[in-house]
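Colleague: Could you take one helix of this model and go through it closely? I would like to see how each step of the reasoning is made.

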Amino acid sequence: MSFELLDGKALSLTIKEEIKEKVDQIKEKNLRPPHLSAVLVGNNPASESYMKNKVKSCDVVGFTSDLIRRDSDATEADILSIVHDLNKDDGVDGFIVQLPLPDHIDSEKILLAIDPSKDVDGFHPHNFGCMAQGLDCYLPATPYGILLMIERHNIETSGKHVVVIGRSNIVGTPLSILLSRKTDVGNATVTLVHSRTKDLSSITRQADILISAIGKPFYVTADMVKDNAVVIDVGINRIDDLSRKSGSRLVGDVDFEKVSLKSSYITPVPGGVGPMTVVALMLNTLSAYNKKLS
């Protein structure tokens, strides 16, 4: 069985070019471009990598951006003060606080302090609640990126059985809501499974579209996937690999080599969902900018 690769890297470049055209039109009117701020606390290598990609993407599409760094011993009060200042800054259209934060900082308290109108990561309960009710909001970046990927590849979701593995508020839960809604990329029958689900494989084998966001390397094996399924791998897991100069490599939740042989479409890791998450963040920032002008 041949499969089509859901190449998030290539698709993200196409969408970034579309965003850049809109930003160029803004600049032609002598208006300032959209601005995205980011807050990075500590020196988590994965967070550093994500942040580099986000800043680079801003440059590509023509946004301005700034990165506010604090050491890992920064106080919760300091981070709350930064959030408060960004909320008030009219020159900032949207901002993100990169997770995870150090253990001594309450992530929930920080996220709740973000002005929902600038919450371009889509994590604030206000945006989550509006999403659940189908109201205007900023969608969480990773689910939004996945919807874009499905839409641009003309993958039918209406009437299909979607199984989502993982129930986080960042990916699994919002994605299950979005795909069940009465929308173009929706109208699916969605089953949300997780680590406590009994006989999980019997459920995943029913999936026309299988999405894994459980964060365990090679968790999804070929015997868990039905023939011709669409498989979307959200997992980013670092494993040891002595053949690499770094001594490690990134893999997904899915055993790509074997599962791809049964799939109609499948995402790679890296280069699948990750780049689409970043481009969704760019689209949310552009929306935040346009709402200020309207």
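Modeller: What follows is a close look at helix H3, with a short note on ring contacts at the end. Keep in mind that this is a predicted model.

Start with length. Helix H3 covers residues 76–88, which is 13 residues. At 1.5 Å a residue, H3 should span 18 Å, and its end C-alpha atoms are 19 Å apart, so the two values agree.

Next, which residues of H3 are buried? They are Glu76, Ile79, Ile82, Val83, Leu86 and Asn87. Viewed down the axis of H3, these buried residues fall within an arc of 140°, so they line one face of the helix. The general reason is that an α-helix has 3.6 residues a turn, so residues three or four places apart point the same way.

On the face of H3 turned away from the buried side are the exposed residues Ala77 and Lys88. The buried residues of H3 are covered by parts that include strands S2 (35–41), S3 (64–70) and S4 (94–97), as well as helix H4 (107–113).

Now the rings. The structure holds one aromatic pair. Its rings belong to Phe3 and Phe256, with centres 6.0 Å apart and planes at 90°, so the pair is edge-to-face. Phe3 lies in the segment before strand S1 and Phe256 in helix H9, so the pair ties together parts 253 residues apart in sequence. Phe3 has a relative accessible area of 33%, so Phe3 is partly exposed. Phe256, at 30% relative accessibility, also counts as partly exposed. Separately, Lys291 lies over the face of Tyr138, 4.3 Å from the ring centre.

Methods:
Residues are numbered from 1 along each chain as its sequence is written. This is a predicted model: local features need pLDDT of at least 70, side-chain atom pairs count only at pLDDT 80 or more; totals for chains, interfaces and linings use all residues. Side-chain values use heavy atoms; hydrogens and water are left out. Helices (H or I, at least four residues) and strands (E, at least two) are DSSP runs, numbered from the N terminus. The expected span of a helix is 1.5 Å times one less than its number of residues. Buried means under 20% relative accessible area, exposed over 50%, partly exposed in between (1.4 Å probe, protein chains only). The arc is that of the directions from the helix axis to the C-beta atoms. Contact means heavy atoms within 4.5 Å. Rings of Phe, Tyr and Trp (its six-membered ring) pair if their centres lie within 6.5 Å; planes under 30 degrees apart count as stacked, over 60 as edge-to-face and the rest as tilted. A charge sits over a ring if NZ of Lys or CZ of Arg is within 6 Å of the ring centre and within 35 degrees of the ring normal.
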